[in-house]
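Me: I would like to learn how to read a model like this one, feature by feature. Please start with the ligand and then go on to the fold and the backbone.

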Amino acid sequence: MKTGPFNPNLLSESVFAVPPLARDADYQIDADENEKIIRFLEAGGVRSLLYGGNAVLYHTSLADFDDLLGMISDSAGPDTTVVPSFGPSFGIASDQINILQEFDFGTAMLLPSRDIVDSAGIATGIRKLSEQYGKPIVVYLKHDRWLSPDDLKSLDDDGVISWIKYAVVRENPAEDDYLREVLDVFPAERIVSGIGEQPAIIHLRDFGITGFTSGCVCVAPRKSMDMLGSIQGGDMEMAESIRQYFLPLENLRDGIHPIRVLHEAVALAGVANTGPIQPMLSNVCDETKSKIQEALRTMKVIH
Ligand SMILES: N[C@@H](CC=O)C(=O)O
């Protein structure tokens with residue numbers, strides 16, 4: 001794993017893969033299977049990994065968190081940057097920072113929670129957690145107006161934000177007043193589009209933000225990396241064709257459940273045996289597995 005302070009220049013160099021987390025039959029983190037996912041992504045050119053929502057870290061225990069950090073530190077290649085996520089509750093986040101401090105990650109992302117929070121309180125939480133960690137942290141904007149632009153600006157002025165994952169889902173991503181307000185107070189070079197390939201062209205080309213995160217990259221890393229390169233090189237026709245390439249799987253994720261479908265898709269694509277998913281989620285049924293296989297066939301990931 002690449003260690004040392006997080007360099008924001010990395011945000012535009014690789015798609016940020018957001019992998020599922022493989023577990024064995026006893027629900028223990030399966031180092032061998034997770035390493036297969038990491039090797040597959042690295043073979044496809046990916047150099048940035050974000051363990052968060054798709055790994056269901058919202059529900060992880062402290063013991064699992066420790067195992068996870070050990071596993072990803074040991075498994076990621078020397079040129080691969082890894083960002084683990086912590087939280088979402090303040091108390092758990094604070095306990096997890098004590099564990100994070102035993103490892104050499106450049107930064108970590110606070111998972112967002114919509115319940116029992118307000119913007120000023122979230123800002124206090126981010127400031128305190130960053131101070132405790134001793135490093136700027138990643139802010140995940142998943143809900144509209146979760147953190148006010150004023151609070152964001154004051155946090156950034158205090159140097160506690162490493163970068164922002166912007167993932168507020170819009171029917172039309174081109175119409176996004178909150179993203180415009182965020183861009184008024186925070187540099188586009190440190191904002192990453194956080195909803196996969198589908199809004200990436202609009203977010204990068206029209207809003208000028210940097211790079212994107214993706215779950216689907218875990219079944220077709222080269223394609224997703226080519227999409228990032230096409231957008232950066234101005235070949236929007238190619239970028240659009242790759243966006244459409246991912247639609248069969250992304251539509252299933254949107255219609256059923258993005259995390260559950262991705263967890264199974266990585267297994268059905270033959271990348272790794274992802275095993276049982278972390279409770280409070282459940283594995284998909286056989287009918288959904290058939291639909292995922294069909295989508296993967298359409299994408300020529302499997303035959
Ligand atoms: N939620 C998106 C990007 C990751 O955060 C996905 O899973 O594709």
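Me: How far does a polar side-chain atom of Thr213 lie from an oxygen atom of the ligand?

Reply: Keep in mind that this is a predicted model. To read a polar contact, look for a pair of N or O atoms within 3.5 Å. For Thr213, a polar side-chain atom is 3.5 Å from a ligand oxygen. Asn54 also uses its side chain, with an N or O atom 2.9 Å from an oxygen atom of the ligand. Gly215 uses its backbone instead: an N or O atom there is 2.7 Å from a ligand oxygen. With the protein in place, 87% of the 250 Å² of accessible area that the ligand has on its own is covered.

Me: Where does the ligand sit, and which residues surround it?

Reply: The ligand occupies the largest pocket. Around it are Val18, Asn54, Lys165, Gly194, Ile195, Gly196, Thr213, Ser214, Gly215 and Arg253. By class, this shell holds two nonpolar, six polar and two charged residues.

Me: How do I read the sheet, and in which order do its strands run?

Reply: Strands of a sheet pair through backbone hydrogen bonds, in either a parallel or an antiparallel way. In this model, eight strands make an open sheet with parallel pairing, ordered β7-β6-β5-β4-β3-β2-β1-β8. The edges are β7 (191-193) and β8 (213-214); each has a single partner strand, so one side of each lacks a neighbour in the sheet.

Me: How many bridges join β5 and β6?

Reply: Strand β5 (residues 137-141) pairs with strand β6 (residues 161-166) over four bridges, in the parallel sense. Take Ile137 as an example: its bridge partner in β6 is Ile161.

Me: Which peptide bonds are cis?

Reply: Most peptide bonds are trans, and most residues other than glycine have a negative phi. Among the cis bonds here is the one from Gly87 to Pro88, with omega near 10°. Pro88 is in the loop between β3 (81-86) and α3 (90-100). The bond from Pro279 to Met280 is also cis, with omega near 20°. Met280 belongs to the loop between α11 (258-268) and α12 (286-298).

Me: Is the phi of Tyr27 positive or negative?

Reply: Tyr27 is a residue other than glycine with a positive phi, near 70°. Its place is the loop between β1 (16-17) and α1 (31-43).

Terms used. Residues numbered from 1 in each chain as written. Predicted model: local features only at pLDDT ≥ 70, side-chain atom pairs only at ≥ 80, totals over all residues. Heavy atoms only, no water. Near = heavy atom within 4 Å. Polar contact = N/O pair within 3.5 Å; in protein donor to acceptor, adjacent residues only side chain to side chain. Areas by Shrake-Rupley, 256 points an atom, 1.4 Å probe, with all protein chains shown as cover. 1 Å grid on protein atoms, 1.4 Å probe; cavity = no way out; pocket = protein on both sides within 12 Å on 5 of 7 lines; lining within 4 Å. Sits in = over half its atoms within 2 Å of the grid points. Nonpolar A, V, L, I, M, F, W, Y, C, P; charged D, E, K, R; others polar. Pairing = 2+ DSSP bridges. Helix = DSSP H or I, 4+ residues; strand = E, 2+ residues; numbered from the N terminus.
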